[in-house]
Amino acid sequence: MGHIRLGTLPRTRSWKEVVALIEEGGAVDVVAGKTISASDKAFAAIQNDRGFSEVVWLMTQLAVAATQMDPQSYLEGEGLRLSQTTSVAEVALAIHEAVDAKLDRIHQRSDFGEMAQNALVSAVTEHLDTTLGTLISPSAAEAHGALSKLGRVGEFGKVARSFFARLSQQCLEYFLSKTVGAQIGDGRRFSTTAQVAEYESAMRTHSFEAAAIVEKFSAEWFSKNRFEGSGKIDREKSDGFGWYALQKMRAEMSSRATPNGL
């Protein structure tokens with residue numbers, strides 16, 4: 001199997017509404033929500049995306065590993081190899097390579113899977129940078145210590161929120177890129193590329209705020225399922241978690257597009 005494209009939004013009535021909103025200077029939350037609604041068919045096709053499944057699985061296993069007697073060996077069993085001299089950059093590279101190796105074995109790649117892969121790398125990197133604070137060159141022990149905090153329920157919730165916010169933002173950019181690009185110039189929605197950058201920044205902020213609902217859900221899910229699994233989480237539960245969290249994220253963004261949305 002080859003590379004599976006997420007697709008493009010058809011010229012449906014709902015998509016034309018999105019274009020009109022952008023042209024008329026519609027608010028970011030409304031544009032985001034309408035885009036999510038207009039992309040329902042595209043998202044329905046990725047429910048069984050293997051790349052997304054592998055990425056969510058690795059995210060849950062990073063958290064599970066943090067509670068094991070030998071976290072490094074546990075992660076090696078999942079294809080993620082960390083050296084004793086691990087740095088933040090090396091963790092990011094290891095995650096990327098682990099997902100690549102899994103997708104190479106199943107011979108299936110997709111736009112959505114690659115977005116998920118990038119979102120997880122960014123989310124974990126953010127967690128490490130935040131945990132390590134102002135340390136310029138953290139030691140391997142400090143980097144491993146920061147990773148171990150992923151086993152905390154609250155920290156898992158934060159990483160999951162960052163992951164789903166980034167993934168949703170990437171999907172929005174994927175669908176809106178051509179439309180936004182066509183709105184740059186005199187007499188159009190965006191006079192300069194700097195205005196486009198501001199718009200995209202506002203969209204990222206909106207995605208992160210909408211993901212608050214996923215943070216709480218993810219933390220509670222992790223606590224419950226790790227307890228029921230005697231410290232482990234199986235693949236079936238991981239798959240269910242990933243898809244349900246994504247649906248919660250999309251529902252929240254759609255809700256915020258309505259007059260009564262928060």
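Colleague: At what angle do helix H7 and helix H9 pack?
Modeller: In this predicted model, H7 (residues 111-132) and H9 (residues 153-181) pack at about 140 degrees, and their axes are 8 Å apart. The two helices are therefore oblique to each other.

Colleague: And which residues make the contact?
Modeller: H7 brings, among others, Phe112, Met115, Ala119 and Glu126, while H9's side includes Val159, Phe163, Arg166 and Tyr174. The contact residues split into eleven nonpolar, five polar and four charged.

Colleague: What does Arg166 form a salt bridge with?
Modeller: With Glu126, where the closest N and O atoms are 3.3 Å apart. Arg166 sits in H9 and Glu126 in H7, so the pair ties together parts 40 residues apart in sequence.

Colleague: Is Glu126 buried or exposed?
Modeller: Partly exposed, at 34% relative accessibility. Arg166 is partly exposed too, with 30%.

Colleague: How many salt bridges are there?
Modeller: The count comes to eleven. One of them pairs Lys158 with Glu155, at 3.6 Å between the closest N and O atoms. Those two are three residues apart in H9, about one helical turn. Lys158 is partly exposed at 46%, whereas Glu155 counts as buried at 18%.

Colleague: Switching topic, where is Ser230 found?
Modeller: In the loop between helix H11 (212-228) and helix H12 (235-255). Its phi is near 55 degrees, a positive value in a residue other than glycine. Most residues other than glycine have a negative phi.

Colleague: Is Ser230 buried or exposed?
Modeller: Exposed, with a relative accessible area of 70%.

How values were computed:
Residues numbered from 1 in each chain as written. Predicted model: local features only at pLDDT ≥ 70, side-chain atom pairs only at ≥ 80, totals over all residues. Heavy atoms only, no water. Axes fitted to C-alpha atoms, helices over the stretch in contact; angles between N-to-C directions. Helix = DSSP H or I, 4+ residues; strand = E, 2+ residues; numbered from the N terminus. Parallel < 35°, antiparallel > 145°, perpendicular 65-115°, else oblique. Contact = heavy atoms within 4.5 Å. Nonpolar A, V, L, I, M, F, W, Y, C, P; charged D, E, K, R; others polar. Buried < 20%, exposed > 50% of the residue type's maximum accessible area, 1.4 Å probe, protein only. Salt bridge = Lys/Arg side-chain N within 4 Å of Asp/Glu carboxyl O.
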